[in-house]
Amino acid sequence: MSSQTDNPGPVFKPDDTPKDIYGPDGKPQFFDDPGMDRFVAVVMNMAQEMWVQEERLMALEGPEASEADREAKLKAFIDRIFAPLREQGSDDI
């Protein structure tokens with residue numbers, strides 16, 4: 001049984017990226033604990049799947065929703081996902 005870490009493939013490292021953000025595996029590491037980076041990736045994958053379901057529901061409800069309505073729903077969804085980070089006082093997000 002082969003795992004994804006056996007052959008992670010090419011790692012994209014821009015020349016102007018600070019070298020200290022990369023962990024020993026060559027992947028970007030934003031938290032002291034690599035498990036947190038993996039946890040954030042899981043949460044973001046779940047959020048993507050949730051948005052796909054939301055789009056499917058909008059399609060089933062019919063074409064009466066305008067593009068502006070869909071964009072407003074997307075913005076509200078993203079705001080809900082990142083609300084905990086914004087509550088910490090970060091202006092960068």
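In this predicted model, V40 sits in helix α1, which spans residues 34-61. V40 has a relative accessible area of 32% and is therefore partly exposed, since that class runs between the limits of 20% and 50%. V40 contributes to a nonpolar surface patch. The other members of the patch are F30, F31, M36, F39 and V43. Its area is about 550 Å².

V40 also belongs to the lining of the second largest pocket. This pocket has a volume of about 280 Å³. Several patch residues recur in the lining, including F30, F31, F39 and V43. D37, M44, I81, F82, P84 and L85 line the pocket as well. Two helices, α1 and α2 (67-87), each supply at least two of the lining residues. The largest contribution comes from α1, with 5 residues. By class, the lining holds 10 nonpolar residues and 1 charged residue. No polar residue takes part. The charged residue is D37.

Salt bridges were examined next. Side chains of opposite charge can pair when their charged atoms come close. The count for the model is 3 salt bridges. One of them joins the side chains of E54 and K73, at an N to O distance of 3.5 Å. This pair connects distant parts of the chain, with E54 in helix α1 and K73 in helix α2, 19 residues apart. Both partners fall in an intermediate accessibility class. E54 counts as partly exposed because its relative accessibility is 27%. K73, at 36%, likewise counts as partly exposed.

A further salt bridge lies within helix α2. K75 pairs with D79, and their closest N and O atoms are 3.0 Å apart. The two residues are 4 positions apart in helix α2, so about one helical turn separates them. K75 is exposed, at 52% relative accessibility. That value passes the 50% cut-off for the exposed class. D79 is partly exposed, at 28%.

D79 has another partner. Its side chain meets that of R86 in a salt bridge, at 3.4 Å from N to O. R86 has a relative accessible area of 33% and is partly exposed. Through shared partners, the salt bridges join K75, D79 and R86 into one network. D79 is the residue common to both pairs, because it bridges to K75 and to R86, each within the 4 Å limit that defines a salt bridge.

How values were computed: Residues are numbered from 1 along each chain as its sequence is written. This is a predicted model: local features need pLDDT of at least 70, side-chain atom pairs count only at pLDDT 80 or more; totals for chains, interfaces and linings use all residues. Side-chain values use heavy atoms; hydrogens and water are left out. Patches are made of residues with over 30% relative accessible area and no salt bridge: like charges are joined within 9 Å, nonpolar side chains (Val, Leu, Ile, Met, Phe, Trp, Tyr) within 5 Å. Accessible areas come from the Shrake-Rupley method with a 1.4 Å probe; for residues, only the protein chains shown count as cover. Buried means under 20% relative accessible area, exposed over 50%, partly exposed in between (1.4 Å probe, protein chains only). On a 1 Å grid over the protein atoms alone, a cavity is a set of points where a 1.4 Å probe fits but cannot get out, and a pocket is an open set with protein on both sides within 12 Å along at least five of seven lines; lining residues have an atom within 4 Å of a point. Grid points are joined across faces, edges and corners, and a volume is the space filled by probe spheres set on the points.
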